[in-house]
Amino acid sequence: MVDSQWSLYSLLIAVAGIGSFYLWYERRGSSPREMALIATLAALAGLSRLPFAAVPGLQPTTFLVLICGYVFGAAPGFLVGSMAAFTSNLFLGQGPWTPWQMIAWGLAGVCGGLIGLRKEKMNGKGKEMVSRWLLVSLAFLWGFIFGAILNFWHWLTFIYPLTLHSYLATLLISIWFDAVHAVGNALFVLFVGGELIKLLTRFKRRLTVSGLPVERLNGEVVHHEKNG
Amino acid sequence: MFIYKPREIFLQSLQTLSICTYLLVIVGGAVLLFHPLVLLALLLPLVLALAAAGGLAQWRKSLKYFLIMIFLSMIINITVNKMGATVLWLGPVLPFFGRFIITLESLFFGLVMGCRLLIVFSAFILYNLVLNPDRALFAFAKIFPRSAMLVALTAKTIPYLGQQMQRAAEIQQCRGINYYRGNLANRINNRLPLIKVLFLSALEDSFNLGESIQARAYGSGSRSCYFRSSPRPRDYFVLSASLGAALLLLWLLLKGEGSFQFFPRMRVLILSGGQVAAMVYICLLLLVPVLLSWGWSKWDYLKWKI
């Protein structure tokens with residue numbers, strides 16, 4: 001007998017994963033400025049899908065989300081990625097692919113965030129160079145990872161038997177689109193990435209409100225810094 | 001710009017919960033059960049609901065792309081599945097996948113999987129046609145207020161940025177820059193400054209937007225509510241019919257009569273009278289919104305009453 005439960009379980013896990021992340025975001029709270037910035041970044045990432053919708057596979061969204069995660073961190077990266085997927089589908093059409101796109105682009109943002117974290121811990125001259133090439137290779141890899149995540153539910157639901165052979169056959173069908181996606185991502189990071197990182201870093205600094213040190217009458221110096 | 005276009009049709013007048021439950025029962029049924037007759041009982045009302053929503057033309061248009069996907073997944077099923085007993089063709093040996101064998105069972109299984117895929121895709125076409133994103137967001141905002149605000153902001157910003165981009169491109173074109181001539185590298189080079197300007201102005205605007213949200217005292221109290229929508233009889237009808245169909249689908253699933261044995265040999269299609277009755281009732285229950293929609297457009301009294 002063909003087993004269809006895996007499809008349901010995978011969908012439940014995906015939806016629960018997205019739901020718990022958004023619940024955490026609700027409880028964490030964020031400033032209106034941060035919300036507006038995330039919404040704008042998500043809109044830019046989502047908008048970049050529309051002109052390229054005619055070219056199957058070519059999606060600058062992945063590269064934009066990766067860079068957003070790299071500059072702003074893993075959690076904003078996930079938010080930008082998942083929000084870009086959901087809202088752009090309001091214009092392109094929601095489908096069974098929506099939760100998987102939200103997860104795939106969200107995880108691309110998390111991945112960018114982890115690289116950004118690693119860069120901050122690194123010291124020395126090669127820091128910029130290493131992180132740039134790491135980003136290019138990661139962007140290339142994400143072209144294929146994105147395809148693998150999106151094909152996963154299709155494989156679980158519509159293909160039988162669920163073996164490595166059948167999964168690879170499913171991946172093989174979309175390999176050309178994934179390759180276009182991967183090469184496009186790598187080229188976007190290579191040619192536009194550096195400038196975009198500079199631009200976003202400048203806006204990230206503007207989000208950080210720093211108070212000037214205040215010297216009290218007793219000579220004690222008090223420093224203030226907070227994110228707003 | 002949304003795919004959803006407001007029209008004076010019955011299915012768009014339903015509450016988010018009713019229409020979502022209806023679609024969820026159809027998609028859930030197609031994902032969990034793969035008896036060919038159950039799938040037909042789901043597909044028939046769905047196609048009629050699409051016709052009632054005036055979406056048959058769009059469905060046919062989308063079908064061209066979906067049929068390619070359906071065909072490809074049928075090919076995968078036929079290629080990797082060697083469990084059937086009735087061999088129709090013994091093909092060449094393929095690297096990694098072994099001998100290419102087409103069996104009657106895998107062919108039929110591929111067709112049934114294609115039908116499931118068609119149901120899922122069609123259900124989402126109906127979703128895009130009849131579910132108002134604003135109303136869906138309103139329901140969603142009760143549990144996730146901040147995230148709903150983010151969705152609303154993002155959805156508002158996408159068309160705005162599109163217009164900004166268009167405007168900036170037209171200004172540049174007046175200055176003699178051509179985005180549509182030359183080789184690909186030239187076209188990309190011409191567009192890059194435009195994209196940079198769009199990014200800068202959008203990010204700058206986002207700070208103004210944030211300040212404007214703060215100035216309107218966002219988060220200082222409970223959410224403002226500008227309209228209330230209460231369920232009407234039509235919602236109760238659709239909701240009850242959908243839940244009835246869901247119960248029957250669950251009954252078939254638990255009884256094991258919602259699945260079908262494809263391998264190694266196909267078993268008989270109909271196992272019991274109860275199975276056929278359940279399938280007919282599922283089809284009839286899922287036809288309730290279609291019948292109501294027909295009555296709604298033809299009979300003013302019913303329209304007023306529900």
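Student: How do the residues of the lining of the second largest cavity divide into nonpolar, polar and charged?

Tutor: In this predicted model, that lining divides into five nonpolar, four polar and one charged residue. The residues concerned are Tyr4(B), Gln12(B), Leu14(B), Gln15(B), Thr16(B), Ile19(B), Val130(B), Leu131(B), Asn132(B) and Arg135(B). Arg counts as charged, and therefore Arg135(B) is the charged member of the lining, whereas Tyr counts as nonpolar, so Tyr4(B) falls in the nonpolar class.

Student: What makes this space a cavity, and why does it belong to the count of cavities of 30 Å³ or more?

Tutor: It is called a cavity because a 1.4 Å probe fits there but cannot get out. About 40 Å³ of space lies in the second largest cavity, and the count takes in cavities of 30 Å³ or more, so this one belongs to it. The count comes to two.

Student: How much space lies in the second largest pocket, and which residues are the closest to its centre?

Tutor: The second largest pocket holds about 1800 Å³ of space. Of the 46 residues that line it, the closest to its centre are Trp97(A), Gln101(A), Tyr65(B), Phe66(B) and Met69(B). The term pocket, rather than cavity, applies because a pocket is an open set of points.

Student: Which element gives the most to the lining of the second largest pocket, and how does the lining divide by class?

Tutor: With 10 residues, α3(B) gives the most, and among the other elements that each supply at least two residues are α4 (74-92) and α5 (98-121) of chain A and α4 (104-130) of chain B. By class, the lining has 27 nonpolar, 16 polar and three charged residues.

Student: Why is the pairing of Lys196(B) and Glu195(A) called a salt bridge?

Tutor: The side chains of these two residues meet with 2.6 Å from N to O. The cut-off is 4 Å between a side-chain nitrogen of Lys or Arg and a carboxyl oxygen of Asp or Glu, and the pair is therefore a salt bridge. Across the interface of chain A and chain B the rule finds three salt bridges, along with 11 residue pairs in polar contact.

Student: Which element supplies the largest share of the side of chain A that touches chain B, and what is the make-up of that side by class?

Tutor: The largest share, 14 residues, comes from α2(A), and the side of chain A that touches chain B has 42 nonpolar, 18 polar and five charged residues. In all, 65 residues of chain A are in contact with 63 residues of chain B. The two chains bury about 5800 Å² between them, 79% of it on carbon and sulfur atoms.

Student: Which peptide bonds are cis, and where do Pro161(A) and Pro264(B) lie?

Tutor: The bond from Tyr160(A) to Pro161(A) is cis, with omega near 0 degrees, and Pro161(A) lies in the loop between α6 and α7 of chain A. The bond from Phe263(B) to Pro264(B) is also cis, with omega near -5 degrees, and Pro264(B) lies in the loop between α8 (233-255) and α9 (273-286) of chain B.

Student: What is the phi of Ala217(B), and where is the place of this residue?

Tutor: Although Ala217(B) is not a glycine, its phi is positive, at about 60 degrees, and Ala217(B) has its place in the loop between α7 (184-215) and α8 of chain B.

Definitions and conventions. Residues are numbered from 1 along each chain as its sequence is written. Chains are lettered from A and ligands numbered from 1 in the order in which they are written. This is a predicted model: local features need pLDDT of at least 70, side-chain atom pairs count only at pLDDT 80 or more; totals for chains, interfaces and linings use all residues. Side-chain values use heavy atoms; hydrogens and water are left out. On a 1 Å grid over the protein atoms alone, a cavity is a set of points where a 1.4 Å probe fits but cannot get out, and a pocket is an open set with protein on both sides within 12 Å along at least five of seven lines; lining residues have an atom within 4 Å of a point. Grid points are joined across faces, edges and corners, and a volume is the space filled by probe spheres set on the points. Helices (H or I, at least four residues) and strands (E, at least two) are DSSP runs, numbered from the N terminus. Contact means heavy atoms within 4.5 Å. Buried area is the accessible area (1.4 Å probe) that two parts lose on being put together, summed over both. A polar contact is a pair of N or O atoms within 3.5 Å; within protein, one must be able to donate a hydrogen and the other to accept it, and residues adjacent in sequence count only if both atoms are side-chain atoms.
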